[in-house]
Amino acid sequence: MFDVLLAHIQEKVTLSSADIDILKSFFIPKKLRKRQYVLQEGDVCKYLLFVEKGLLRMYHVDDKGTEHMIQFAWEGWWMADTYSFLSGDVSAYHIDAIEDAELLMITLPNFEALLLQLPVMERYFRILFQNNIISKERRLVNTISYSAEEKYTRLAAANPEMIQRIPQNLIASYLGVTPETLSRIRKKLIRSSSNN
Amino acid sequence: MKNVGYNNNVAIIGANSPAGLQIAMAIGKAYRLLLMDEDVHTTAALVKSIVQTTQSPEGVEILTCSKDASWEADAIVLAVPAQQQPIVAQKIAEVTTGKTIIQIIAPGNSAVSIQSLLPHSPIVRVTLQDTSTHTNAIVEGHNKWALQLALHLLSFTEWTIIEKATTIDLKK
């Protein structure tokens, strides 16, 4: 149940078996079925989520009812509306499961208590937040600097699992292009690769 | 409107017990129920009855494993006979960290401590007492959020709720 989380943490810091026992006592294990929500717009994001199994998406719904994908998370990924989680303000996002999921969830008070009890986790989360900042900067650059085709090819190169696992209409939304445009890009790329 | 199964999943372990039945029928309209009982056929009849009452077919499910039901749940009602509760507690311990456990002590049963088996779960003990006219539900616990949730769930039943300042040690 904690296999993926412990492997993820121990790639970055070392935990003793006593540390692991302490760590486990802070997380709520939760099974989520496909299409079940773990956060809805207008509620406070009460949990920082870690995906042990399955696939989640975080998205915003605009006034016209169109969904805009913000982030996906699968095995080994964390997800939360960080602003809502840390501030206690309501969230503008939804989080739900695209596939049946097994999550480990931690509340803000427990998150703070965990960092106090296991200072080594401060380092783990610092590394995580650093990586998160870098990836958000890259996404911003991709969004403002590249064509739709370049956005897709860069995403496919950086995250091949995302392309294989996530429905194309959600990928299109994540890239900020229409499903039709993404379909055209994919056909063009397939044609050019078969010509080469 | 919130979606079905959004942070409102209640597992009832021992769903066919008198207390389990009453709670399931009472909260079925407001909560998604994950019903577990060794007698699956009787549980199926209970589901049918809840669906007819609540008009919410996706809001109630039968699970055959207490651990799976508790894993998916946000709160767990333990309505099996008191002597079986430690056995169930051991089975579900791994998946109940941080989740409210409502321990039902049926009339005539003696309370058995399960706190040491579920060290990371807030436990609310509900002791039922039958009188000639009604059933009292004496509610005790240390965790204020868990108590609030238990009192809210029990408010749907016809029991007379008596919130008792916890004088008992739940570890005993």
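Colleague: How many residue pairs are in polar contact between chain B and chain A?

Modeller: A polar contact is a pair of N or O atoms within 3.5 Å; within protein, one must be able to donate a hydrogen and the other to accept it, and residues adjacent in sequence count only if both atoms are side-chain atoms. Between chain B and chain A the count is seven residue pairs, both partners at pLDDT 80 or more. This is a predicted model: local features need pLDDT of at least 70, side-chain atom pairs count only at pLDDT 80 or more, and totals for chains, interfaces and linings use all residues. Residues are numbered from 1 along each chain as its sequence is written, chains are lettered from A and ligands numbered from 1 in the order in which they are written, and side-chain values use heavy atoms, with hydrogens and water left out.

Colleague: Which elements of chain B give two or more residues to the side that touches chain A?

Modeller: Elements are DSSP runs numbered from the N terminus: helices (H or I, at least four residues) and strands (E, at least two). Here they are strand 2 (32-36), strand 3 (60-63) and helix 3 (66-72) of chain B. Helix 3 of chain B gives the most, with three residues. By class, this side of chain B has eight nonpolar, seven polar and eight charged residues. Ala, Val, Leu, Ile, Met, Phe, Trp, Tyr, Cys and Pro count as nonpolar, Asp, Glu, Lys and Arg as charged, and the others, Gly among them, as polar.

Colleague: How many residues of each chain are in contact?

Modeller: Contact means heavy atoms within 4.5 Å. 23 residues of chain B are in contact with 17 residues of chain A. Buried area is the accessible area (1.4 Å probe) lost on putting two parts together, summed over both. For chain B and chain A it is about 1800 Å², with 46% from carbon and sulfur atoms. In chain B, Tyr6(B), Trp71(B) and Glu72(B) lose the most area to chain A. Together they give 37% of what that side buries.

Colleague: How many salt bridges cross the interface of chain B and chain A?

Modeller: Side chains of opposite charge can pair when their charged atoms come close. The rule asks for a side-chain nitrogen of Lys or Arg within 4 Å of a carboxyl oxygen of Asp or Glu. It finds four across the interface of chain B and chain A. One example is Asp74(B) with Lys30(A), where the closest N and O atoms are 3.0 Å apart.

Colleague: And how many salt bridges are there over all chains?

Modeller: The search of the whole structure finds 16. Glu99(A) and Arg165(A) form one, with the closest N and O atoms 2.9 Å apart. This pair links distant parts of the chain, 66 residues apart. Glu99(A) sits in strand 6 of chain A, and Arg165(A) in helix 7 (residues 160-165) of chain A.

Colleague: Now empty space. What volume does the largest cavity have?

Modeller: Rolling a probe the size of a water molecule over the atoms shows where empty space is left. On a 1 Å grid over the protein atoms alone, a cavity is a set of points where a 1.4 Å probe fits but cannot get out; a pocket is an open set with protein on both sides within 12 Å along at least five of seven lines; lining residues have an atom within 4 Å of a point. Points are joined across faces, edges and corners, and a volume is the space filled by probe spheres set on them. The structure holds one cavity of 30 Å³ or more. The largest cavity has about 50 Å³. Its lining includes Leu48(A), Phe111(A) and Phe129(A). Helix 3 (residues 82-87) of chain A gives the largest share, three residues.

Colleague: Which residues lie nearest the centre of the largest pocket?

Modeller: Gln71(A), Trp77(A), Asn132(A), Ser135(A) and Lys136(A), out of 41 lining residues. The volume of the largest pocket is about 1300 Å³. Helix 5 of chain A gives the most to its lining, with 14 residues.
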